[in-house]
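Visitor: I'm new here and would like a quick tour, please.
Guide: Happy to help, so let's take a look together.

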Amino acid sequence: MKKYWTAVQDFILIALGALIQAVSLRIFFVPANLVSGGVSGISQLINHFTGWPIGLMALIGNIPLFLLGWRFLGGLRFAVRTAFAIVTYSLFTDLALKLPFFLPGGAADRLINDLSGDIFLNSLYGAITAGVGYGLVYRARGTSGGSDILARILNKWRGVSMTQSYLMVDTAVILGAGFVFGWKEALYAMITLYVSGLVSETVLEGGETVRAAMIVTDKPEEISSRILEDLERGATYLEGRGAYTGSSRPVLYCVVNRTEVAAIKAIVREIDPDAFMVIGTAHEALGEGFRPLKSS
């Protein structure tokens, strides 16, 4: 039952993420002529010239990409979750206009009127809300179709990084929109694309970034004892060997919060001023002393 409940939770997240993306598109992107990139962006352009429904165009445009992704990426989970995300997003995009708060005088209608002519606020709010929607879909181990599929294919079969893949696919659509809506709108769409990516990463990985410290020292016991006593953090002993001297050097590995970085520096400086320490950023820490692993 637990396995099925986890799957149900994932599909609820995907549906919620798709709804947020659709509402963001209708409230912020379409009224301000901001193209969101990918299949949705192409659907906006088609809608501008023909009046055909954006959601329906997005659904039709995603079908060949979905089949391509199934061919190259494979996996039943990919197919089911991606198909669910594409269908729900397409339905929500067209049905959103029929919701009460989109009707004249509704909350969404008033917000659209208030932001009319302010492309900066439309791009900012659109980026944040769309990023949250994307992040929820990714968190549920799904994809939003469109450029997501192409980016993953380029990453897997051509070695192109995910960031470069998204930029290649979405930038091409946004530049094309520049000829239709104007270059100011295209520039803001580029900014929106970048900000929404940052927001989606935050939602996916969590905003609680931590610091991982690796300490090469001759006094590992004293330092680890002080870390445990002062910070109530654990530390792990790693066996290292100096490349130049060939001698064995103990290495301490410790994860702390951002606010504890100054304290751990002070401890190491006090006990072993000759120690070598590297402090890096980790997106998330799960386990004792941090967020429980089972709840992630």
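**Strands, a helix and some rings**

Guide: To kick off, Ile215 has Met277 in strand 4 as its bridge partner. Keep in mind that this is a predicted model.

Visitor: In which sense do strand 1 and strand 4 pair?
Guide: Strand 1 covers residues 210-216, and strand 4 covers residues 276-282. There are 7 bridges between these two strands, and the sense of the pairing is antiparallel.

Visitor: Which residue in strand 3 stands opposite Ala213?
Guide: Strand 3 (residues 248-256) also pairs with strand 1, in the antiparallel sense and over 6 bridges. Look across from Ala213 into strand 3 and you land on Cys254.

Visitor: How many of the residues of strand 1 are buried?
Guide: Strand 1 has 7 residues and is mostly covered. The count of buried ones is 5.

Visitor: How far apart are the end C-alpha atoms of helix 10?
Guide: Helix 10 runs over residues 220-231, which makes 12 residues. At 1.5 Å a residue, the helix should span 16 Å. The model agrees with that, since the end C-alpha atoms are apart by 16 Å.

Visitor: How wide an arc do the buried residues of helix 10 cover around the axis?
Guide: The buried residues of helix 10 are Pro220, Ile223, Ser224, Ile227 and Leu231. They sit on the same side of helix 10, because the arc they cover around the axis is only 95 degrees.

Visitor: What do those buried residues of helix 10 pack against?
Guide: One partner is helix 11 (261-271). The others are strand 1, strand 2 (236-241) and strand 3. So the full list, since you asked for names, is strand 1, strand 2, strand 3 and helix 11.

Visitor: What is the angle between the planes of Phe28 and Tyr125?
Guide: The structure holds 5 aromatic pairs. In one of them, Phe28 and Tyr125 are 6.0 Å centre to centre. Phe28 is in helix 1 and Tyr125 in helix 6, 97 residues apart, and the pair links distant parts of the chain. The pair is tilted, with an angle between the planes of 55 degrees.

Visitor: Is Phe28 buried or exposed?
Guide: The relative accessible area of Phe28 is 7%. Buried means under 20%, so Phe28 counts as buried.

Visitor: Why is the pair of Tyr134 and Tyr138 called stacked?
Guide: The two residues are 4 apart in helix 6, about one helical turn. Their ring centres are 6.3 Å apart. Planes under 30 degrees apart count as stacked, and here the planes are at 15 degrees.

Key:
Residues numbered from 1 in each chain as written. Predicted model: local features only at pLDDT ≥ 70, side-chain atom pairs only at ≥ 80, totals over all residues. Heavy atoms only, no water. Phe/Tyr/Trp six-rings, centres within 6.5 Å; stacked < 30°, edge-to-face > 60°. Buried < 20%, exposed > 50% of the residue type's maximum accessible area, 1.4 Å probe, protein only. Pairing = 2+ DSSP bridges. Expected span 1.5 Å × (residues − 1). Arc of directions from axis to C-beta. Contact = heavy atoms within 4.5 Å.
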